[in-house]
Amino acid sequence: MPRLLCQRLAFPIPIATSPIPFPYFPTKSLNFPKNPTPYLAMANPSAAKAPITHVIFDMDGLLLDTEKFYTEVQEIILARYNKTFDWALKAKMMGKKAIEAARVFVEDTGLSDSLTAEDFLVEREAMLQKLFPTSELMPGASRLIRHLHAKAIPFCLATGSNKRHFELKTQSHHELFSLMHHVVNGDDPEVKQGKPSPEIFLAASKRFEGGPVDPNKCLVFEDAPSGVLAAKNAGMSVVMVPDPRLDSSFHDAADQVLGSLLDFNPSDWGLPPFDNPAS
Ligand SMILES: O=P(O)(O)OC[C@H](O)CO
Ligand SMILES: [Mg+2]
């Protein structure tokens, strides 16, 4: 398996050459449904990787530095119950639709007798609404989006965030996010189940011009384990840009792992190179 030396992480990162066996179930419990519906990949897993023609971006933690807001608010709520928040719980919640993440939160913290998932969402909402408008871009996000736009590579957004939260988080970045061909939110009617279900990425692939796009030709960018699994379950390739505090065992399912979008080399995926790679 070729190994890409990744500058920032300063250790070799394998690029998966052989497809992950499908249906793919995580090696670690990611709070998968009790009797998981096998998410059979839509693409033939043995097919040679087609060149990438379309890109699908995740948003929270990948394009916007917003996961820290969820952590901050959840720590405040847990402190009321003399409990602490940790990255094992964070790994299970991130990327999910709000109500699905809330269920994980109250169950895993043992609070379900004193706090319902719905009440948890109400409690955190006011605090999040103050924080979301201050959302900043992750390093490399603007450069990559503008590069793909300049080279006429179709790209879109598929985020677990609902439409209201999306608007709050992007209100200072309208011009950049307006470059997206389309946006699929976590509360989209076509998205019945959140990541790691492939639904949101399959819905996103359908809404491109001439869609649905062959999943083999789609490259997903994600930060969360659930998002990486969702991309693989959709039969797509996925570049993971994880928070350094996330346990590295959650990197296994990704086709490539980077320390930052600044480390992404479009040529690795047959996409047009940056005009000025050092920028
Ligand atoms: O943009 P996503 O899919 O990472 O959504 C994030 C969730 O709403 C919070 O983890
Ligand atoms: Mg994310």
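Begin at the magnesium ion (ligand 2), whose donor residues follow the sequence spacing D-x1-D-x162-D, a donor being an N, O or S atom within 2.8 Å of the metal (3.2 Å for Na, K and Ca), with water not among the atoms, so that sites may look incomplete. The pair D58 and D223 links distant parts of the chain, 165 residues apart, with D58 in the loop between β3 and α1 (67-79) and D223 in the loop between β6 and α9 (225-233). This is a predicted model, in which local features need pLDDT of at least 70 and side-chain atom pairs count only at pLDDT 80 or more, while totals for chains, interfaces and linings use all residues. Residues are numbered from 1 along each chain as its sequence is written, chains are lettered from A and ligands numbered from 1 in the order in which they are written, and side-chain values use heavy atoms, leaving out hydrogens and water.

Select D58, D60 and D223 next: they coordinate the ion through OD, O and OD respectively, at 2.0 to 2.1 Å. D58 counts as buried at 2% relative accessibility, and D223 is buried at 4%, where buried means under 20% relative accessible area, exposed over 50% and partly exposed in between (1.4 Å probe, protein chains only).

Now show the open sheet of six strands, ordered β5-β4-β3-β6-β7-β8 with parallel pairing; strands here are DSSP runs of E of at least two residues, and helices runs of H or I of at least four, numbered from the N terminus, and two strands pair if DSSP finds at least two bridges between them. Within the sheet, β3 (residues 54-57) pairs with β4 (residues 155-158) over three bridges, and I56 stands opposite C156 in β4.
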